[in-house]
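Please open the model in your viewer and keep the selection panel at hand, since this tour moves from one selection to the next.

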Amino acid sequence: MAQNKSISSAMNRRLFMKAAGAGAVSLLIGCAAKSIAGRSSEAGYINAKPSDAKSVKADQRPNILFCIMDDASWPHMSAYGCSWAKTPAFDRLAEKGILFRNAYTPNAKCAPSRASILTGRNSWQLEEAANHIFNFPAKFKTFPEVLRKNGYATGLTGKGWAPGDPGTVDGKKRELIGPEWLKQKATPPAKGMSNEDYAANFEDFLDSASEKPWFFWYGAREPHRSYEYGSGVKAGKNIADIDKMPAFWPDNEIVRNDMLDYAFEIEHADDHLGRMIQTLEKRGLLENTIILMTSDNGMPFPRCKAQEYESSNHMPLAVMWPKGIKNPGRTVDDMVSFIDFAPTFLDVANIPYEKSGMHPSPGRSLTDIFYSEKDGQVTPYRDFVLIGKERHDYSRPNNAGYPIRGIASKDYLYLFNYEIDRWPAGNPELGYLECDGSPTKTLILNMRREGKETKYWEWSFGKRNVHEELYNISRDPECMENLATSQNVGQLKQEMKARMEKLLKEQQDPRMFGKGGVFDTYGYSEKKAWHFYERFMKGEFTPADTGWVNPTDYEKVIIR
Ligand SMILES: [Ca+2]
């Protein structure tokens, strides 16, 4: 994935992001009838009881530690039953708080996913912030900016909002989250991991925050690529530990090693969370701090990150808040979305959303779930989420994206592909730039080239050929069997599509009004990205200019 224009062609972007330690560039929920700007607990974003708002003094507002991994898929935390990735810190949040089984990002790519978190809005409500590598629109305020204005100290370590250009305020770089804490370094346990000591930087931040309530963003750069091949095994893992391989990849030593290397990176991110929890404990701050751990998009493997399947958008999420969460240790099935975070944090900080200066959010504060004692489905109307994507990297002619919209319930995922003549992971002759380079990707590409096996390539890189996809995700979470063409799901398919389009219209999605092409007209924050396809084909660039894929990913012959 593209991150930053300052990265040299020879250097893997992510390696730079991680090693530099410089911060580098630094579902809609609920009933269909009520969405944006609703104010009631059912339709809106504020769930705090009115009496709470008045009685809570400013200095009693909770602190917030928001932890986000880069590119981790939801099932790969041990709290969800994964045996080959050990995440004791994440699990502790779940044991002492709430484990969410159905949390989704609206858009499975770094920059648009993080933009949805920060603004409380879905990609299609964010103009160029729907895309990847963009200039952050000045008009969209972020919730950390609002918290800061309302007395919170804010800060971040690791990866904040990226990649893209946040713009400037009064001649200075706009701080979408807060000042960066990046002084503390450490030797990482494997090559390709960051040398930032996230937990030590968090301590520095706490020293500075004094008595204020605070919001801190811990953006682990793991498990984003690149990985040290074999680092998982070197750390004591065994390729036989993986009990189930996804059907859409070959099952062999290369792919299993790739997965274990990914798992080892998740564990590194989790280690730092564990240290942060200990720090809060030592300082007596655990009781009234909301600690939340999630990821921004699915694992950086073919058919996961940057697509819109379960392995793309379904995210891990655990939240601990001893003072606020009732009956801790619950597992919750409600469908929740990243657009719910901003309403949640403003809610607990007693800041009315409509007075915050933020654009209205179709999200809903999660405090109904926090303050409930229930397991399973807590709030009946949280029964679906909306997802979608526009343009990610830059590998298609005419700066084109691959537009999708989708709606997921607990049992079904419905997707609509708007431009099926386009390549879902990017054009083959440009290396499928929307899929990060990896041993697994190389293997699948080579299998097709050698004529051994094309099905893996078809699943990850081939054209979809159909507009509609429908999967029974409770039975088929790998989204292998497209039910959209079978007669007996006609009604379900129509119902899901109708519900999705109704909500998208309410949210003023340009694509619902015949104006979806606008997303391909927005500029990139990287100059070389504009018309990169055409310029590459003319010889202005080489495969070495896209360091997040391998030069061998570029197909030498045109595939139609
Ligand atoms: Ca990411």
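Two strands are taken to pair if DSSP finds at least two bridges between them. With that cut-off in mind, and remembering that this is a predicted model, begin by selecting strand 2, residues 98-104, together with strand 12, residues 336-337: two bridges join these strands, which run parallel. Within this pairing, A103 stands opposite V336 of strand 12.

Keep strand 2 selected and add strand 11, residues 330-332, which pairs with strand 2 in the parallel sense over three bridges; here the residue to label is F100, which stands opposite V332 in strand 11.

Next, add strand 10, residues 314-320, whose pairing with strand 2 is antiparallel and extends over five bridges. Labelling I98 leads to V319, its bridge partner in strand 10.

With these partners displayed, how many of the seven residues of strand 2 are buried? Six of them are, and the strand is accordingly described as mostly covered.

Now turn to the helices, and select helix 3, residues 88-95, and helix 8, residues 253-282, which pack with their axes 7 Å apart at an angle of about 55°. Because of that angle, helix 3 counts as oblique to helix 8. To see the contact itself, show the side chains of P88, A89, F90 and R92 in helix 3, which meet D270, L273, G274 and I277 in helix 8. Coloured by residue class, the residues of this contact divide into five nonpolar, one polar and two charged.

Key. Residues numbered from 1 in each chain as written. Predicted model: local features only at pLDDT ≥ 70, side-chain atom pairs only at ≥ 80, totals over all residues. Buried ≥ 20, exposed ≤ 12 C-beta atoms within 10 Å, placed from the backbone. Helix = DSSP H or I, 4+ residues; strand = E, 2+ residues; numbered from the N terminus. Axes fitted to C-alpha atoms, helices over the stretch in contact; angles between N-to-C directions. Parallel < 35°, antiparallel > 145°, perpendicular 65-115°, else oblique. Contact = placed C-beta atoms within 7 Å. Nonpolar A, V, L, I, M, F, W, Y, C, P; charged D, E, K, R; others polar.
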